[in-house]
Amino acid sequence: MIPELSNPSVFMKDPQKVQETLQSMQKAGSNTLQVISDFDMTLTRFAYNGKRCPTSHNILDKSQLISDDGKQELENLLNTYYPIEIDSTRSIDEKLPLMVEWWTKAHELLVQQKIKKDLLAAAVGESDAMLREGYQLFFDHLHGHSIPLLIFSAGIGDILEEVIRQAGVFHPNVKVFSNYMDFDESGVLKAFKGELIHIYNKREGALLNTGHFQELRTRPNVLLLGDSLGDLNMADGVQDIENILKIGFLNDKV
């Protein structure tokens, strides 16, 4: 067993099954593996030194690119909807329309702020965003072994890409499916591209991107990383899975 799995903070429903899955993956080799991961609070830290770290949305919300009134409105949305997102007594069907409502309102507010594309890098650089401990080894090891890393995020793609880029690990094997900004010819945010990706429609997103998974059909072993129940379906577009190991980070309400 991998030593880290004996850490008291690691919980496994069936340790024997985990061991067998790992052994099967190792035997098959790195050329049969692909990694699918959430971003916010999965590849990034949830907190550091007792202080919450920002998500890709939070980076913008708290930046100088947002007016004081805009920040207050975004905080009001967070205080209203985040407790619903993490409420284990509510069903996904109950949460779904409320999550769509939250992100739609948040995106509309961001568009109203007339954010300039060329100021995004500075906003990320000035933020407290941090990739999770061990990120350098993780990203570099996958790149060194040509293992594809698909990041599936309900956050803001432009921001999360910049976080990875500034950390020096945005390697060619990394692909991102997320909510991307659409800028006008003068570089001012005018809308968000395509359909909204939120934490509960990642399965639909996975199935819509079967072309990506088709390219990786020789990689039937999947390492899946996430921090919410909605992340469990991110691999649903992968055909003929042989082994899948799902790792969840329990960040909140521990």
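Helices here are DSSP runs of H or I with at least four residues, numbered from the N terminus. The model is predicted.

**Exercise 1.** Find the helix that holds Ile92, and state which surface patch Ile92 helps to make.

*Solution.*
Step 1. Ile92 lies in helix H4, which covers residues 92-112.
Step 2. Its relative accessible area is 40%. Partly exposed means between 20% and 50%, so Ile92 is partly exposed.
Step 3. Together with Leu229 and Leu232, Ile92 makes a nonpolar surface patch of about 280 Å².

**Exercise 2.** Count the aromatic pairs, then classify Phe138 and Phe139.

*Solution.*
Step 1. Ring centres within 6.5 Å make a pair. The count comes to 4 aromatic pairs.
Step 2. For Phe138 and Phe139, the centres are 5.5 Å apart and the planes meet at 90°. Edge-to-face needs over 60 degrees, so this pair is edge-to-face.
Step 3. Check the cover. Phe138 is partly exposed at 22%, whereas Phe139 is buried at 2%.

**Exercise 3.** Classify the pair Phe152 and Phe177, and locate both residues.

*Solution.*
Step 1. The centres lie 5.7 Å apart, with the planes at 75°, so the pair is edge-to-face.
Step 2. Phe152 sits in strand S4 (residues 149-156) and Phe177 in strand S5 (residues 174-179). They are 25 residues apart, and the pair links distant parts of the chain.
Step 3. Buried means under 20%. Phe152 has 1%, so Phe152 is buried. Phe177 has 11%, so Phe177 is buried too.

**Exercise 4.** Name the ring under the charged end of Arg132.

*Solution.*
The ring belongs to Phe249. The charged end of Arg132 sits 4.0 Å from the ring centre.

Definitions and conventions:
Residues numbered from 1 in each chain as written. Predicted model: local features only at pLDDT ≥ 70, side-chain atom pairs only at ≥ 80, totals over all residues. Heavy atoms only, no water. Patch = residues over 30% accessible without salt bridge, like charges linked within 9 Å, V, L, I, M, F, W, Y side chains within 5 Å. Areas by Shrake-Rupley, 256 points an atom, 1.4 Å probe, with all protein chains shown as cover. Salt bridge = Lys/Arg side-chain N within 4 Å of Asp/Glu carboxyl O. Helix = DSSP H or I, 4+ residues; strand = E, 2+ residues; numbered from the N terminus. Buried < 20%, exposed > 50% of the residue type's maximum accessible area, 1.4 Å probe, protein only. Phe/Tyr/Trp six-rings, centres within 6.5 Å; stacked < 30°, edge-to-face > 60°. Lys NZ or Arg CZ within 6 Å of the ring centre and 35° of its normal.
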